Amino acid sequence: MIMILTMKTSLYIFLLFISLTSVYSQSDLLQSGPMVGYTKPGATQLWVQTKKEAVVKIKYYEITSSEKYYFTSEYSTLESEAYTAHLIADKTEPGKKYQYELYINDILVPRPYPLSFKMSSVEDEPGDFKVAMGSCVYVNDSLYDKGPNFKGGSYDIYDAICKQQPEMMLWLGDNVYYRKKEWESKDKMLYRNTHTRSLSQIQPLIGSTENYAIWDDHDYGPNNSDREFENKKVSLDVFKLFWANPSYGFGNKKSATTTFIKEDVQFFLMDDRTFRSPKDTDSDDKRCILGDDQLDWLIKELKASTSTFKIIALGVQVLNPLKLEDIYSSYKEERDKFLKALEKEKISGIVFLSGDRHFSEGMEMGRGTLYPLYEFTVSPLNSSPYIELKEENPIRIKESLVKQHNFATIDFFGEKKDRAMRFAYYDKAGILLFEKVIKAETLK
């Protein structure tokens with residue numbers, strides 16, 4: 001009897017050892033993620049990256065009923081795609097919250113933090129939700145960043161963002177920083193994106209928050225790059241591998257442009273690099289950031305939108321009137337055309353978001369009898385802040401200037417007839433620095 005028990009115990013221990021070894025070996029295959037991408041009625045896209053070729057899938061179930069679950073289709077990661085995978089969870093219902101689990105080679109890979117996503121409501125009454133945002137993500141790399149003056153750091157800011165429990169995270173450009181001509185090689189672009197995405201402090205945030213991204217010069221190509229950048233098609237291919245936006249482009253134009261709706265808010269994520277004219281363009285009326293086709297598309301979409309709020313995100317500042325090299329005021333003809341179109345069409349609910357500047361500020365631009373336009377610049381998350389800034393922006397909202405690592409949130413709340421948005425800046429520890437409430441009725 002004792003011998004039988006001993007044999008059973010030994011077998012149990014052996015099987016347990018095999019099981020744990022298998023789990024740990026699959027965990028070792030995980031490079032980064034999983035990450036929640038776009039969510040639209042009936043479907044959510046989930047992203048993950050492995051270290052080598054593997055078969056991945058996601059199990060998901062309503063948070064209150066784990067007995068009824070579904071699996072995404074399986075996907076085999078490939079070296080040519082940096083071992084990334086985009087998986088669709090399409091057995092979902094409006095307004096429900098789901099937990100999900102990652103499987104690599106049919107083995108569950110547990111994560112030490114929650115993995116979840118929430119579907120939007122389709123009811124007549126819009127739901128409340130929170131959006132977090134920021135730009136300029138610099139993750140130090142010992143291969144390139146030598147000496148004492150590292151540009152990155154303060155990675156705990158992502159923990160502070162996660163504690164806000166946002167439903168969405170908007171990455172407002174310069175989401176990676178290409179180094180030493182990495183933009184000339186697809187392999188080096190893939191390396192830089194992999195290195196940044198693998199930061200451990202980012203994982204809990206991307207695992208339970210919808211993630212959407214625009215790009216700016218440093219995650220598009222060289223500093224202050226434009227449409228003449230020779231590798232822009234490759235750069236877009238890499239961007240698409242590492243993000244999970246709803247779409248890429250408009251009409252037959254391929255770009256980082258996209259739009260989507262969350263509750264009663266429509267977001268317009270613009271591409272400020274693919275169509276931008278070179279700096280040495282000698283004719284002012286030919287200088288552009290968005291280009292005619294993208295600008296015409298945006299105005300058409302804004303006119304057609306029935307959403308209460310229309311959030312337009314660009315990598316560069318739009319409303320700042322100062323004549324500075326890399327903001328919209330230096331492209332006067334196109335900027336004037338844009339602002340005049342907004343006046344002519346009397347489009348309600350517009351608010352701008354931007355990044356890039358390595359400091360944050362809110363702006364309010366009066367328009368006579370029309371409602372004022374607001375813009376909130378959010379920068380940097382953890383790249384170097386511009387603490388020596390002396391710039392006197394005449395439309396800066398009082399006490400909104402932030403010259404340190406920071407992030408922002410927007411809470412959309414209230415009943416359908418009384419909707420409002422609360423914008424707030426926070427420091428890297430999550431301490432409130434500035435806030436402003438804007439009622440929808442004041443944007444008509």
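In this predicted model, the axes of α6 and helix α7 (residues 332-345) come within 11 Å and cross at roughly 15 degrees. Because angles under 35 degrees count as roughly parallel, α6 and α7 are described as roughly parallel to each other. A second helix pair, α3 and α5, has axes that come within 10 Å and cross at roughly 30 degrees. The points below cover both pairs, the nonpolar cores, the surroundings of Cys136 and Gly173, and some backbone features.

**Helix pair α6 and α7**

- The crossing of α6 with α7 is right-handed.
- On the α6 side, the residues that meet α7 are Asp292, Leu295, Asp296, Leu298, Ile299, Leu302 and Lys303.
- On the α7 side, the partners are Glu334, Lys337, Phe338, Ala341, Leu342 and Glu345.
- Sorted by class, this contact has seven nonpolar and six charged residues, and no polar ones.
- Leu342, on the α7 side of this contact, is also listed among the residues with the most contacts inside the largest nonpolar core.
- After α6 (292-304) comes a loop that leads to β15 (309-314) and holds serine 307.
- Serine 307 has 9% relative accessibility and therefore counts as buried.
- Beyond its neighbours up to four places away in sequence, serine 307 touches Ile261, Asp264, Val265 and Gln266.

**Helix pair α3 and α5**

- Helix α5 spans residues 232-242, and α3 spans 186-197.
- With a crossing angle of roughly 30 degrees, α3 and α5 are also roughly parallel to each other.
- The crossing of α3 and α5 is right-handed.
- From α3, the contact is made by Lys186, Met189, Leu190, Asn193, Thr194 and Arg197.
- From α5, the contact is made by Val234, Ser235, Val238, Leu241 and Phe242.
- By class, the contact of α3 with α5 has six nonpolar, three polar and two charged residues.

**Nonpolar cores**

- The largest nonpolar core has 63 residues.
- The residues with the most contacts inside this core are Met133, Leu170, Phe267, Ile312, Leu342, Leu353 and Phe412.
- Phenylalanine 267 touches Phe129, Val131, Met168, Leu170, Thr258, Thr259, Phe260, Lys262, Ile311 and Phe412, leaving out residues up to four places away in sequence.
- Two of these contacts of phenylalanine 267, Leu170 and Phe412, are themselves listed among the residues with the most contacts inside the core.
- A second, separate core of 37 residues includes Met35, Phe229, Trp243 and Tyr426.

**Cysteine 136 and glycine 173**

- Cysteine 136 lies in the loop between β10 (129-134) and α2 (157-163).
- Glycine 173 is placed in the loop between β11 (168-172) and α3 (186-197).
- Cysteine 136 is buried, with a relative accessible area of 0%.
- Glycine 173 likewise counts as buried, at 0% relative accessibility.
- Cysteine 136 is in contact with Gly173, Asp174, Tyr177, Asp356, His358, Ser379, Pro380, Leu381, Asn382 and Ser383, leaving aside neighbours within four places in sequence.
- Under the matching exclusion of residues up to four places away, glycine 173 touches Ser135, Cys136, Ile214, Trp215, Asp216 and Asp219.
- The C-alpha atoms of cysteine 136 and aspartate 356 are separated by 6.5 Å, although these residues are 220 residues apart along the chain.
- From glycine 173 to aspartate 356 the C-alpha separation is 6.9 Å, with their positions 183 residues apart in sequence.

**Cis peptide bonds**

- The peptide bond from glycine 33 to proline 34 is cis, with omega near 5 degrees.
- Proline 34 lies in strand β1 (residues 30-40).
- Serine 379 and proline 380 are also joined by a cis peptide bond, with omega about -5 degrees.
- Proline 380 sits in the loop between β18 (370-377) and β19 (406-413).
- Both residues of this second bond, Ser379 and Pro380, are in contact with cysteine 136.

**Positive phi outside glycine**

- Aspartate 106 has a positive phi of about 70 degrees although it is not a glycine.
- Aspartate 106 is found in the loop between β7 (97-104) and β8 (107-109).
- At 49% relative accessibility, aspartate 106 counts as partly exposed.
- Glutamate 263, also not a glycine, has a positive phi of about 55 degrees.
- Glutamate 263 is in the loop between β13 (258-262) and β14 (265-269).

Terms used. Residues numbered from 1 in each chain as written. Predicted model: local features only at pLDDT ≥ 70, side-chain atom pairs only at ≥ 80, totals over all residues. Heavy atoms only, no water. Helix = DSSP H or I, 4+ residues; strand = E, 2+ residues; numbered from the N terminus. Buried < 20%, exposed > 50% of the residue type's maximum accessible area, 1.4 Å probe, protein only. Contact = heavy atoms within 4.5 Å. Core = buried A, V, L, I, M, F, W, Y, C linked by side-chain atoms within 4.5 Å. Axes fitted to C-alpha atoms, helices over the stretch in contact; angles between N-to-C directions. Parallel < 35°, antiparallel > 145°, perpendicular 65-115°, else oblique. Left-handed = near helix turned anticlockwise from the far one by under 90°. Nonpolar A, V, L, I, M, F, W, Y, C, P; charged D, E, K, R; others polar.
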